[in-house]
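Here are a few short exercises to help you find your way around a new structure. Have a go at each one before you read its solution.

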Amino acid sequence: MRAVVFTDFQTFPSLTEVERPVPGPGEVLLKVAGSGACHSDVAIYEDFAEGTPGAIAPGFTLGHEVSGWIEETGPGVHGFTKGEAFLAYGPIGCGHCKACSRGQDTYCENVASMPYLGIGLGRDGGMAEYVLVPARNLVPLGDADPVDAAPLSDAGLTPYHAIKNALPNLAGGGRFALVIGLGGLGQVAVQILTALTGATVIATDMKDDAMRRAEANGAVTVPGGENQVAAIRELTGGRGVDAAFDFVGATPTIKTAQASMAQGGRLTVVGIANGVTEWSFFTTPYESTISNTYWGTIADLHEVVAMYRAGQIRPEVERYSMDDALEAYRKLESGQLSGRAVVVP
Ligand code: NAD
Ligand code: ZN
């Protein structure tokens, strides 16, 4: 079968022929319906080098945002029928520590002894015709479209988890949320904020078309540039935003978000552009916080699927055939996508 393989650091991935895998104990083989191209993949093959914090050793198929149909089940796996559609929860922890037991494999306490972080992250992922998934990582899609659903497992789950943690900041009237970076994750973030909170969603991106799409999803947009923070503050009546979500994570975007915060506000940095920032007592709004976040829990993913099935999350998808899978990554890298690229093998 064909697969998009991460062969070496700082090397564009290859579309190559690999063996179709056989499910081991506790695993299923999914026939891939859709596999989303995430900007984190670009970090994996392009930005990181050996020893960079976050780097994952090469030699695996990319794709951590995957949906598919049951093709085969491994030993000890019962209760699944061939052809049923599922979304794969990507993180794979030890499965028995406290974090894994609450469905938060992302924060597995035994991560140091795990041979991989998840599907498409150290072990073969879904940019292929078939993928192996532990049965405990399957989230049912029912009769929902599995191709459009593929981005939910990261572009849906990651913003959902970050927003859920910030809900106390957004409850009540007259609240404001800020979303920076309106790509795969950011557009879904706007949809989730609109569906779950009554907050005014202020959104920004370097690209005009991304801002127009955010407006269609319910946001008020503010262009970048020198007066951006003043414009954001003005929209909030001078108070600042109660929660900010930075889906870029570069030094300038973190600083913009930080300067836009209200007292007690919460800034969550989701993007992994490795920005740095400063903190000082008298220039920081009282009791405001800054946090990072990594993906979400499998329980969150069930809730994300429920929102998708209810029409509250509507991933905007650009479909690519396996022949054009590398083209999808080229467009993602150069900022030419206007929806999540999903490879349909
Ligand atoms: P994407 O390429 O689809 O979208 C990025 C968007 O940010 C684009 O619309 C781009 O125009 C915009 N942008 C870039 N620089 C900007 C700037 N300086 N100001 C304003 N807008 C800017 O990427 P994505 O797949 O949505 O991923 C977003 C980020 O989140 C990436 O850094 C990715 O690695 C990271 N990520 C983190 C997690 C996590 O668990 N923390 C999970 C998935 C992705
Ligand atoms: Zn664990």
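**Exercise 1: the whole chain**

Buried residues account for 53% of the 345 residues in the protein chain. Keep in mind that this is a predicted model. Your task: work out how compact the protein chain is for its length.

*Solution.* Start with the parts: the protein chain has 10 helices and 18 strands. Next, take the radius of gyration, which is 20 Å, close to the 20 Å that the globule rule gives for 345 residues, so the protein chain is as compact as a globular protein of that length. Finally, for the extent, the C-alpha trace spans about 60 × 40 × 40 Å along its principal axes.

**Exercise 2: the zinc site**

Find what coordinates the zinc ion (ligand 2), then decide on the geometry of its site.

*Solution.* First, list the donors: the SG atoms of Cys94, Cys97, Cys100 and Cys108, at 2.3 to 2.5 Å. Then look at their spacing along the chain, which reads C-x2-C-x2-C-x7-C. Now the angles: they run from 102 to 119 degrees among the 4 donor atoms, and the site is tetrahedral. One last check on a donor: cysteine 100 has 3% relative accessibility, so it counts as buried, the cut-off being under 20%.

**Exercise 3: a patch on the surface**

Which residues form a nonpolar patch on the surface? Place tyrosine 286 and classify its exposure.

*Solution.* The patch is made of Trp279, Phe281, Phe282 and Tyr286, and together they have about 580 Å² of accessible area. Tyrosine 286 sits in the loop between strand S15 (261-269) and strand S16 (289-292). Its relative accessibility is 46%, so tyrosine 286 counts as partly exposed.

Definitions and conventions
Residues numbered from 1 in each chain as written. Chains lettered and ligands numbered in written order. Predicted model: local features only at pLDDT ≥ 70, side-chain atom pairs only at ≥ 80, totals over all residues. Heavy atoms only, no water. Patch = residues over 30% accessible without salt bridge, like charges linked within 9 Å, V, L, I, M, F, W, Y side chains within 5 Å. Areas by Shrake-Rupley, 256 points an atom, 1.4 Å probe, with all protein chains shown as cover. Salt bridge = Lys/Arg side-chain N within 4 Å of Asp/Glu carboxyl O. Helix = DSSP H or I, 4+ residues; strand = E, 2+ residues; numbered from the N terminus. Buried < 20%, exposed > 50% of the residue type's maximum accessible area, 1.4 Å probe, protein only. Donors = N, O, S within 2.8 Å, 3.2 Å for Na, K, Ca; no water. Tetrahedral: all angles 85-135°; square planar, octahedral: opposite > 155°, others 65-115°. Rg over C-alpha atoms; globule rule 2.2 N^0.38 Å.
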